[in-house]
Amino acid sequence: MPVDALDTRILRLLLKQPGTSVREYARILGVARGTLQARLDRLERDGVITGTAAALSPAALGHPVLAFVHIEVTQGHLDEVGDALAAVPEIVEAFSITGGGDLLARVVARDNAHLEDIVQKLISMPGVVRTRTEVALRERVSHRMLPLVESIGRSARG
């Protein structure tokens, strides 16, 4: 089911005021609590809302270095390497990709020496052919969903 104008209002509120009660969201939006809860349940069931975990800062956790590691994998070993990446705690995300490399991992580290240790661990994994690392200097646009939700909301209003 497509996201409608009420759904986008709900999503916008969830992003702007996380942690507010369902009752308060319903009051702010001017809808019945049951209506709001039914919408939230559907948005979760449809995979629009994928979680409610707290956003954490790797830098504040002592891992200020952010790098993106392109990983080239021996043909037929993508799943095995993906499973091995999941065992490395400093890999906070990994995607299979097109273009240069087969996987792209977002890696956090305490410092450059620690990053080198992580990359060496990756290179030693069975099925990994080579890696290419790009260190992020400064975040220019932080992870965000609100502009997308607002754009969808404008489209939903017609």
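**Three helices and their surroundings**

Leu6, Asp7, Ile10, Leu11 and Leu14 in α1 meet Thr35, Leu36, Arg39, Leu40, Arg42 and Leu43 in α3. Sorted by class, this contact of α1 with α3 contains 7 nonpolar, 1 polar and 3 charged residues. Keep in mind as you turn the structure that this is a predicted model. The axes of α1 and α3 come within 11 Å, crossing at roughly 85 degrees, and the two helices are therefore roughly perpendicular to each other.

Now bring in α2, which also touches α1. Here the two axes come within 11 Å and cross at roughly 125 degrees. That angle makes α1 oblique to α2. The crossing in which α1 passes α2 is right-handed. On the α1 side, the contact is made by Arg9, Ile10, Leu13 and Leu14, and on the α2 side by Tyr25, Ile28 and Leu29. By class, there are 6 nonpolar residues and 1 charged residue in this contact, with no polar ones. You may recognise Ile10 and Leu14 of α1 from the contact with α3; both take part in the contact with α2 too.

The remaining pair is α2 with α3. Their axes come within 9 Å and cross at roughly 110 degrees, and α2 and α3 are therefore roughly perpendicular to each other. From α2, the residues in the contact are Val22, Arg23, Tyr25, Ala26 and Leu29; from α3, they are Arg33, Leu36, Gln37 and Leu40. These residues divide into 6 nonpolar, 1 polar and 2 charged.

With its partners in place, α2 itself is worth a closer look. Which residues of α2 are buried? In this helix, which runs over residues 22-29, they are Tyr25, Ala26 and Leu29. Around the axis they cover an arc of only 100 degrees, which puts them on the same side of α2. A rule of helix geometry is handy here: an α-helix has 3.6 residues a turn, so residues three or four places apart point the same way. The buried residues of α2 pack against α1 (5-16) and α3 (33-45). On the other side of α2, you will find Arg23 and Arg27 exposed. Just after the helix comes Gly30, where phi is positive, at about 75 degrees.

Back in helix α1, pick out Thr8. Is Thr8 buried or exposed? Its relative accessibility is 1%, so Thr8 counts as buried. Setting aside neighbours within four places in sequence, Thr8 is in contact with Val3, Val149, Ile152 and Gly153. Three of those partners, Val149, Ile152 and Gly153, have numbers far along the chain from Thr8, and they take us to another helix, α6, which spans 146-157.

Arg144 sits in the loop between β4 (128-135) and α6. With a relative accessible area of 51%, Arg144 is exposed; the cut-off for that label is over 50%. Although their positions lie 129 residues apart along the chain, the C-alpha atoms of Arg144 and Leu15 are separated by 9.0 Å.

For a contrasting part of the model, go to the loop between α4 (78-85) and β2 (91-96), where Pro89 is found. Pro89 is exposed, having a relative accessible area of 66%. Its C-alpha atom is separated by 32 Å from that of Leu13, 76 residues away along the chain.

Glu90 is found in the loop between α4 and β2 as well, but Glu90 is buried, with a relative accessible area of 13%. What does Glu90 contact, leaving aside its neighbours within four places in sequence? The partners are His63, Arg106, Val107, Val108, His114 and Ile118. Ile123, 33 residues from Glu90 in sequence, is 15 Å away in space, C-alpha to C-alpha.

One of the partners of Glu90, Val108, makes a good last stop. Val108 lies in strand β3, residues 103-109, and is buried, with a relative accessible area of 8%. Not counting residues up to four places away in sequence, Val108 touches Pro58, His63, Val65, Leu66, Glu90, Val92 and Ile118. His63 and Ile118 are therefore shared, since Val108 touches both and Glu90 is in contact with both. From Val108 to Ser155, 47 residues apart in sequence, the C-alpha distance is 37 Å.

Note on methods
Residues are numbered from 1 along each chain as its sequence is written. This is a predicted model: local features need pLDDT of at least 70, side-chain atom pairs count only at pLDDT 80 or more; totals for chains, interfaces and linings use all residues. Side-chain values use heavy atoms; hydrogens and water are left out. Buried means under 20% relative accessible area, exposed over 50%, partly exposed in between (1.4 Å probe, protein chains only). Helices (H or I, at least four residues) and strands (E, at least two) are DSSP runs, numbered from the N terminus. The arc is that of the directions from the helix axis to the C-beta atoms. Contact means heavy atoms within 4.5 Å. Axes are lines fitted to C-alpha atoms, for helices over the stretch in contact, and angles run from 0 to 180 degrees between N-to-C directions. Angles under 35 degrees count as roughly parallel, over 145 as roughly antiparallel, 65 to 115 as roughly perpendicular and the rest as oblique. A crossing is left-handed if the near helix is turned anticlockwise from the far one by less than a right angle, and right-handed if clockwise. Ala, Val, Leu, Ile, Met, Phe, Trp, Tyr, Cys and Pro count as nonpolar, Asp, Glu, Lys and Arg as charged, and the others, Gly among them, as polar.
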